[in-house]
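Trainee: I should like to learn how to read a protein model of this kind. May we go through it feature by feature?

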Amino acid sequence: MNLLFTFSDNTQIESPFLLDGAKISENFYKELRVADNSASLKVPFNEILCDKLKAEINNNIKVQIVNNNENVFSGYVRKTLSFLKTQRNQPFSLEIVSPSLLLNIDYNGTVVHYVNKTVAEIVSILLSLTDFSGSINTYALGNIATVSFTLSNGENIANVLEELLYEYGYIYQFDKDGNFYLENIFTVPSSGITQHFNGDNCLNEIQQNVKEDSFKQVVVTWTKVAQRNNVVIFEDTTGADTNHIANIEIPSASFYLGEAHNYCNYDSKFQK
């Protein structure tokens, strides 16, 4: 089992790592929200590799954990490294985070607004604003369309993407090859989500922690779009008399209430 580093200039360096203490953490449904998967391990000192890491630490350095030519985990180097030298150079700690790391950026641009665009299309647009370059699987969304979507300057892409998908019952994940896909938060896979640990995939120890279940109140609010026909949504009866519903004088070259555009709150419970 080895690491394969890919740098911004497409240079690739392969390196072993220490199995003792190596850990891959996968979070399943962190309170029904997106959670970053990661891998923590130690890498034997290699001068060429370390020099390249230090030179490119501000770039996105892709790392794949490979076993028999098959990816076990794919992600990017957490941009915090420390190298220690005593009598000899020591192995250095490395944290690899799933490609969700690339989505944690703020949008820098003019406000964009979409009407009646599919959620899948918007997901692809949001991902195109980041450095993510893997494949995108949004088939689970089908042709679900949004009524309205707005992205404003300064908004965090990861947060916007998470909230958009959460509204339709999905969270995003990345597979072992670093590709983007969706999970329905209300559907339990038919095969279950049980992980079997044995001597083949656990070389040290297995620890189980059982805690008391806790539940929180669920409060749901949403904006509803509804069609209304033959319903009075505004009425001004100023100057009304027996012959007129209203009697309002509007001087020439002027506007009703003195404004070119007037807005009022609509009470859906009002009945005429």
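Mentor: The discussion below moves from the overall make-up to the sheet and then to single residues. This is a predicted model, in which local features need pLDDT of at least 70 and side-chain atom pairs count only at pLDDT 80 or more, while totals for chains, interfaces and linings use all residues. Residues are numbered from 1 along each chain as its sequence is written, and side-chain values use heavy atoms, with hydrogens and water left out.

Trainee: How many helices and strands are in the protein?

Mentor: Helices (H or I, at least four residues) and strands (E, at least two) are DSSP runs, numbered from the N terminus. Here there are three helices and 11 strands. From the N terminus on, their order is β-β-β-β-α-β-β-β-β-α-β-α-β-β.

Trainee: In what order do the seven strands of the open sheet stand?

Mentor: Two strands pair if DSSP finds at least two bridges between them. In this open sheet the order is β2-β1-β5-β6-β7-β4-β3, with antiparallel pairing. The edges are β2 (12-16) and β3 (18-25), each of which pairs on one side only. One of the pairings joins β1 (residues 2-6) to β5 (residues 62-67) over five bridges; within β5, V63 stands opposite F5.

Trainee: Which strands does helix α1 touch?

Mentor: Contact means heavy atoms within 4.5 Å. Angles run from 0 to 180 degrees between N-to-C directions, and axes are lines fitted to C-alpha atoms, for helices over the stretch in contact. Helix α1 (residues 47-55) packs on the sheet and touches β1, β2, β4 (38-43) and β7 (92-97). The direction of α1 makes about 125 degrees with that of β2.

Trainee: Is E162 buried or exposed?

Mentor: Buried means under 20% relative accessible area, exposed over 50%, and partly exposed in between (1.4 Å probe, protein chains only). E162 lies in helix α3 (residues 157-167) and counts as buried because its relative accessibility is 15%. Apart from neighbours within four places in sequence, E162 is in contact with R33, V34 and Y172. Of the 272 residues of the protein, 27% count as buried.

Trainee: Where is V72 placed, and how is its exposure classed?

Mentor: V72 is in strand β6 (residues 70-77). With a relative accessible area of 31%, V72 is partly exposed.

Trainee: What share of the contacts in the protein between residues at least 6 apart in sequence joins residues at least 24 apart?

Mentor: The share is 63%.
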